[in-house]
Amino acid sequence: MSQPISACIMTKNEQDNIGACIDSVKPYVKEIIIVDTGSEDDTVKIAISKNVRVHQMEWKNDFSIVRNEMIKIATQPIILMIDADERVLPNQEESFRDTCNLLFDDHDKIGRVTILNEQENKETLKSSISRIFKNSSSFSYAGAIHEQIQSESSNTTYFQSGITLEHKGYLNSSLIAKDKYERNLSLLFNELKNARNGSYINFQIGRTYYVMGENKKLLII
């Protein structure tokens, strides 16, 4: 049974991923929103064929701008942010239902989901990230890259939902094809110029170099 959720997905040249992403989340949500930022492949065509809401906007080198636009567009009372290169694992009806119940009981809560990151060496790294929350003007995103959700409420609390996603975006083949490394580093260094506290940005820069195998550059930052 689907839940009153708007699944929000930003895209750019994701024709190899978007169909599977949509199919994986569709059983659990009432609405799927795609905001495309300038695809030159068949991403938009595929999304339209899946009967989801598709919007297009200019890419402004800022992921938060796109995420905040998706929040404005969403019509359901709960929002789930999911990336185009992610998949919702099957048989999670109970986790989605329980997560929605918690969010309806406490509008200040933000839910974390588990991300299983598939690596080129076949290993899987597990992480947790805030992705599901009440559709409210209290919530918005900040940061041009590795953006984080922020709340106007002083009572905000976080909880770990049972929702699990599989992420394939850090496979070397995908990264080479999309130049994600270079794009991310450019945005991170630009963000660092304006950061009051650069420790988080430096961490993300170092993490990017580590994934790239550029360990010598870790000594520079």
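**View 1. Ala 74, a loop residue in this predicted model.** Ala 74 sits in the loop that links helix H3 (63–73) to strand E4. Is this alanine buried or exposed? Its relative accessibility is 10%, and since anything under 20% is classed as buried, Ala 74 counts as buried. Leaving aside residues up to four places away in sequence, Ala 74 touches Ser 6, Cys 8, Glu 31, Ile 33, Ile 79 and Asn 135. For a distance to check on your own screen, try Ile 5: this residue and Ala 74 are 69 residues apart along the chain, and their C-alpha atoms are separated by 8.8 Å.

**View 2. The open sheet, strand by strand.** Eight strands make up this sheet, and their pairing is mixed. Reading across, the order is E3-E2-E1-E4-E7-E6-E10-E5. Strand E3 (53–56) and strand E5 (86–88) are the edge strands, each pairing on one side only. From one strand to the next, the twist averages 35°.

**View 3. Two helices packed on the sheet.** Here we turn to the helices. Helix H1 (residues 18–25) packs on the sheet and touches strand E1 (3–11), strand E2 (29–36), E4 and E5. The direction of H1 makes about 25° with that of E5. Helix H4 (residues 93–105) packs on the sheet too, with E1, E4, E5, strand E6 (109–118), E7 and strand E10 (157–167) as the strands it touches. Compare the direction of H4 with that of E10 and you will find an angle of about 155°.

**View 4. The pairing of E4 with E7.** Strand E4 (residues 78–81) and strand E7 (residues 124–134) run antiparallel and are joined by three bridges. Which residue of E7 is the bridge partner of Leu 80? That partner is Ile 132.

**View 5. E2, H2 and E3 as a β-α-β unit.** Strand E2, helix H2 (residues 43–49) and strand E3 together make a right-handed β-α-β unit. The two strands pair in the parallel sense, over four bridges. For one residue pair to look up, take Asp 36, whose bridge partner in E3 is Gln 56.

**View 6. The whole chain, for context.** The chain holds seven helices and ten strands. Of its 221 residues, 46% are buried. Among contacts with a separation of 6 or more, 68% come from residues 24 or more positions apart. The accessible surface is about 11,500 Å², and carbon and sulfur atoms account for 46% of that area.

Methods: Residues numbered from 1 in each chain as written. Predicted model: local features only at pLDDT ≥ 70, side-chain atom pairs only at ≥ 80, totals over all residues. Heavy atoms only, no water. Pairing = 2+ DSSP bridges. Axes fitted to C-alpha atoms, helices over the stretch in contact; angles between N-to-C directions. Contact = heavy atoms within 4.5 Å. Buried < 20%, exposed > 50% of the residue type's maximum accessible area, 1.4 Å probe, protein only. Areas by Shrake-Rupley, 256 points an atom, 1.4 Å probe, with all protein chains shown as cover. Right-handed = clockwise from strand over helix to strand, strands pointing away.
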